Amino acid sequence: MQAIIPYLNLAGQAELALAFYQRCFNGDITTMMRFGDNPSDAPIPDELKQKVMHAHFKAGQLEFMASDGMPGEELQPHAGSIELNLNFNDLAEQQKVFDALAENGQVIHPLQDTFWGARFGRISDQYGISWMLNCQL
């Protein structure tokens, strides 16, 4: 088995969210396929043709995939059941990413030193994705 790669279903906001994550993490969208790119003979409604069917994002060792979600499927809210943990080696980088993710999001736990010898914080970003940021001191 290889590494687990999170897949974010972003309910029609994938393109906006991916641009936001590019700024937050200084990363790249390595793949972007739209529903209109699908070579199948199945008809695709015009309003879906430019929606993101699949994207792959990388920033250093951070990697995830994303989509606007499949047509006709209603996404279920996760209500915080999954959080993505980011580990840092540099406090300044952690602060920069924390501040970027907090833009129009909700700080759940501000960055602060912990009893386990790290600076730690939690955020739910503007797209409803929950992040934990941990940097060993």
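Visitor: What makes the four strands 5, 8, 7 and 6 an open sheet, and in which order do they stand?

Guide: In this predicted model, the strands form an open sheet in the order 5-8-7-6, with mixed pairing. Strand 5 (84-88) and strand 6 (106-113) each have a single partner strand, so one side of each is left without a neighbour in the sheet. From one strand to the next, the twist averages 15°.

Visitor: How do you know that strand 6 and strand 7 pair, and in which sense?

Guide: Two strands count as paired if at least two bridges are found between them. Strand 6 and strand 7 (residues 118-124) have five bridges, in the antiparallel sense, so they meet that definition. For a bridge you can look up, take Asp113, whose partner in strand 7 is Arg119.

Visitor: Which strands does helix 2 touch?

Guide: Contact here means heavy atoms within 4.5 Å. Helix 2 (residues 91-102) packs on the sheet and touches strand 5, strand 6, strand 7 and strand 8 (130-136). The direction of helix 2 makes about 15° with that of strand 7.

Visitor: What is the order of the strands in the sheet that holds strand 1, and which strands are its edges?

Guide: That open sheet has four strands in the order 1-4-3-2, and its pairing is mixed. Strand 1 (7-9) and strand 2 (28-34) are called edge strands, as each pairs on one side only. Neighbouring strands of this sheet are turned by 20° against each other on average, direction ignored.

Visitor: How do you know that strand 3 and strand 4 are partners?

Guide: The cut-off is again at least two bridges. Strand 3 (residues 52-59) and strand 4 are joined by five, in the antiparallel sense, so they count as a pair. One place to look is Lys58, whose bridge partner in strand 4 is Glu63. Helix 1 lies across strand 1, strand 2, strand 3 and strand 4, and runs at about 5° to strand 3.

Visitor: How much space lies in the largest pocket, and what lines it?

Guide: The largest pocket holds about 600 Å³ of space. Of its 22 lining residues, Ala59, Gln61, Leu62, Leu86 and Asn87 are the closest to the centre. Helix 1 (14-25), strand 4 (62-67), strand 5 and helix 2 each give two or more residues to the lining. The largest share, five residues, comes from strand 5.

Visitor: How do the lining residues divide into nonpolar, polar and charged?

Guide: Twelve are nonpolar, six are polar and four are charged. Leucine counts as nonpolar, so Leu62 and Leu86, both in the lining, belong to the nonpolar group.

Technical notes: Residues are numbered from 1 along each chain as its sequence is written. This is a predicted model: local features need pLDDT of at least 70, side-chain atom pairs count only at pLDDT 80 or more; totals for chains, interfaces and linings use all residues. Side-chain values use heavy atoms; hydrogens and water are left out. Axes are lines fitted to C-alpha atoms, for helices over the stretch in contact, and angles run from 0 to 180 degrees between N-to-C directions. On a 1 Å grid over the protein atoms alone, a cavity is a set of points where a 1.4 Å probe fits but cannot get out, and a pocket is an open set with protein on both sides within 12 Å along at least five of seven lines; lining residues have an atom within 4 Å of a point. Grid points are joined across faces, edges and corners, and a volume is the space filled by probe spheres set on the points.
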